[in-house]
Amino acid sequence: MRTAFHSKTFRNKKRNPSSQLTVTTDSSLLIDLNNTKKKIDTLLLHLNYQTDPDLIDCYAYQLKGAYMQYKFLLKQIQQNE
């Protein structure tokens, strides 16, 4: 009877692998969001100091893409909560 109790206790102590996956997914999304924010800040800095029209267009397109990526990551984080 003692071994049955221990095996039942052991089963209760098992971790749910899907919950661990959610935690790592959330943290990786937050890291990606932070990196995208840094990218946006850098692009804005470069855009403010450019005088060449071609480079201004280049940074503007990159900035638009970074904003879209940021918006997407925010939605993903909100859906996971």
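This briefing describes the fold, one helix and a pair of charged side chains in the structure above. The model is a predicted one, and its secondary structure consists of 3 helices and 0 strands, so that the order of elements, read from the N terminus, is α-α-α. Of the 81 residues in the protein, 12% are buried, and a single side-chain pairing in the structure, between Asp41 and Lys37, is described below as a salt bridge.

**Overall build**

- Among the contacts in the protein with a separation of 6 or more, 61% are made by residues that stand 24 or more positions apart.
- The accessible surface of the protein comes to about 7000 Å², and carbon and sulfur atoms account for 58% of that surface.

**Helix H3**

- Helix H3 covers residues 53-80, a run of 28 residues, and the distance from its first C-alpha to its last is 41 Å, which is close to the 40 Å expected at 1.5 Å a residue.
- The buried residues of this helix are Tyr59, Leu63, Ala66, Leu73 and Ile77.
- Gln69 is also found in helix H3, but with a relative accessibility of 35% Gln69 counts as partly exposed, because that value falls between the 20% limit for buried residues and the 50% limit for exposed ones.

**Surroundings of Gln69**

- When neighbours within four places in sequence are left aside, Gln69 is in contact with Thr36 and Lys39.
- Gln69 and Asp32 are separated by 37 residues in sequence, while their C-alpha atoms are 9.4 Å apart in space.

**The salt bridge in helix H2**

- The structure holds 1 salt bridge, in which the side chains of Asp41 and Lys37 meet at 2.9 Å, N to O.
- Both partners, Asp41 and Lys37, belong to helix H2, which takes in residues 17-48, and they are 4 residues apart, or about one turn of the helix.
- Asp41 has a relative accessibility of 38% and therefore counts as partly exposed.
- Lys37, at 36% relative accessibility, likewise counts as partly exposed.

How values were computed. Residues numbered from 1 in each chain as written. Predicted model: local features only at pLDDT ≥ 70, side-chain atom pairs only at ≥ 80, totals over all residues. Heavy atoms only, no water. Helix = DSSP H or I, 4+ residues; strand = E, 2+ residues; numbered from the N terminus. Expected span 1.5 Å × (residues − 1). Buried < 20%, exposed > 50% of the residue type's maximum accessible area, 1.4 Å probe, protein only. Contact = heavy atoms within 4.5 Å. Salt bridge = Lys/Arg side-chain N within 4 Å of Asp/Glu carboxyl O. Areas by Shrake-Rupley, 256 points an atom, 1.4 Å probe, with all protein chains shown as cover.
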